[in-house]
Amino acid sequence: MTTRFWMALTAGALLALTSLSAAAQEVTLTRLDCGNGTNDPRRFSDTFAYTETSKPFTFSCYVIRHGSDVMVWDTGYLPGSAPNATNKPLGDLLKQIKVDPADVKYVGISHFHADHTGQVSLFKNATLLIGKADWEAINATPPMAGANAKGFAEWIAEKRKVEPLSADKDVFGDGTVMVLRAPGHTPGHSILLVRLKEMGPVILSGDSVHFHENYEHDGVPGFNDDRAQTLASIQRVKQIEKNLKATVIIQHDPRDIGKLPAFPAAAK
């Protein structure tokens, strides 16, 4: 009887652990429209690869749900701060998918530019995940050129939680969501790998590349921080894509919007 009791108890514990593990693996990814516009593609090649003067650009933010935890990846422009900025505050978009900014656990930032960090101050209780070199550049005196130090002013003044990353980060400890180092565009630039059960692995590019042509031909913008690091990061993305059979989403290329379900639906 005692043996049966312990066997039943053990089986129950294992079942509970299995259920918890399964719940921890439930991950979804939602794209939010954080702006649209155009850009001059000639700016994005230091080898004079382009002659056209205008190319469509999009600005995206993302929500990753991991069980009951929520992570936001990039926060777009501050509404009204630039012609390409959306007029829809990120908080309003989050409410449409029943996410309270106060409940967001992590805010992952690909890099320090204003079109990716404009609404970061919204997430008062989150832990900020940002490349160490970018965080140092924001806090430098004066801040590094191009760093949106103003966007982080509240974060710094209020001493909110921040984890400057000097290596890859397994966000939830189970390999499903990983911030990966991809420097070059900025010194602390990162990309995000999200492993979805149905869709499979997805790579969010940050600004490691800005559009398909630069990804396909290893193009480097003249304004990037480090040319060699940029090329190494592009190669890393390509190798991950190949090894994991991942879907690469170039965040600024509107041709990639359709790779994820239309808002408010989520990829699973």
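How many aromatic pairs does a search of the whole structure find? The search finds eight. The structure is a predicted model, and the pairs are described here together with the strands that carry them.

One aromatic pair is formed by F57 and F211. Its geometry is edge-to-face, with 6.3 Å centre to centre and 70 degrees between the planes. The pair links distant parts of the chain. F57 belongs to strand β2, whereas F211 sits in the loop between β10 (200–204) and α6 (212–217). The two residues are 154 residues apart. F57 is buried, with a relative accessible area of 3%. F211 is buried too, at 2%.

A second pair also involves strand β2. F59 and Y77 form a tilted aromatic pair. Their rings are 5.3 Å apart centre to centre, with 50 degrees between the planes. This pair likewise links distant parts of the chain: F59 lies in β2, and Y77 in the loop between β3 (69–73) and α2 (90–96). The separation along the chain is 18 residues. Both partners, F59 and Y77, are buried.

Ring pairs also build a cluster. Its members are F44, Y50, F57, F211 and F223. F211 has a further partner, since K55 lies over the face of its ring, at 5.1 Å from the ring centre. A charge over a ring is found at Y215 as well. There, the charged end of K238 sits 5.4 Å from the ring centre.

Strand β2 is mostly covered, with 10 of its 12 residues buried. Two strands pair with β2. β1 does so in the antiparallel sense over 11 bridges. T38 has P56 of β2 as its bridge partner. β3 also pairs with β2 in the antiparallel sense, over five bridges. Here the bridge partner of Y62 is W73 in β3. The hairpin of β2 and β3 has two residues between the strands. Within this hairpin, G67 takes a positive phi near 60 degrees.

β1 and β2 are also joined through cysteines. The count comes to one disulfide. It is formed by C34 and C61, with their sulfur atoms 2.0 Å apart. C34 lies in strand β1 (residues 27–39) and C61 in strand β2 (residues 55–66), so the disulfide ties together parts that are 27 residues apart in sequence. The torsion about the S-S bond is about -130 degrees, so the disulfide is left-handed. Both C34 and C61 are buried.

N39 is placed in strand β1. Its side chain makes a polar contact of 3.0 Å with the side chain of R43. Leaving aside neighbours within four places in sequence, N39 is in contact with F44, T53, S54, K55 and F57. Among these contacts, F44 and F57 are members of the ring cluster, and K55 is the residue that lies over the face of F211.

W73 is found in strand β3. Is W73 buried or exposed? W73 is buried, with a relative accessible area of 0%. Not counting residues up to four places away in sequence, W73 touches C61, Y62, I64, G108, I109, S110, V179, S190, I191, L192, L204 and Q251. One of these, C61, is a partner in the disulfide. Another, Q251, is joined to W73 by a polar contact of 2.9 Å between the side chains. T117 is 44 residues from W73 along the chain, and the C-alpha atoms of the two are separated by 9.7 Å.

The contacts of W73 include V179 and I191, which leads to strands β8 and β9. Strand β8 (residues 177–181) is mostly covered, as four of its five residues are buried. Strand β7 (residues 169–170) pairs with β8 in the antiparallel sense over two bridges. In this pairing, V179 of β8 is the bridge partner of K169. Six residues lie between the strands in the hairpin of β7 and β8, where G173 takes a positive phi near 80 degrees. β8 also pairs with strand β9 (residues 190–196), in the antiparallel sense and over five bridges. The bridge partner of L180 in β9 is I191.

Definitions and conventions: Residues are numbered from 1 along each chain as its sequence is written. Side-chain values use heavy atoms; hydrogens and water are left out. A disulfide is a pair of cysteine sulfur atoms within 2.5 Å. Buried means under 20% relative accessible area, exposed over 50%, partly exposed in between (1.4 Å probe, protein chains only). Rings of Phe, Tyr and Trp (its six-membered ring) pair if their centres lie within 6.5 Å; planes under 30 degrees apart count as stacked, over 60 as edge-to-face and the rest as tilted. A charge sits over a ring if NZ of Lys or CZ of Arg is within 6 Å of the ring centre and within 35 degrees of the ring normal. Two strands pair if DSSP finds at least two bridges between them. Contact means heavy atoms within 4.5 Å. A polar contact is a pair of N or O atoms within 3.5 Å; within protein, one must be able to donate a hydrogen and the other to accept it, and residues adjacent in sequence count only if both atoms are side-chain atoms.
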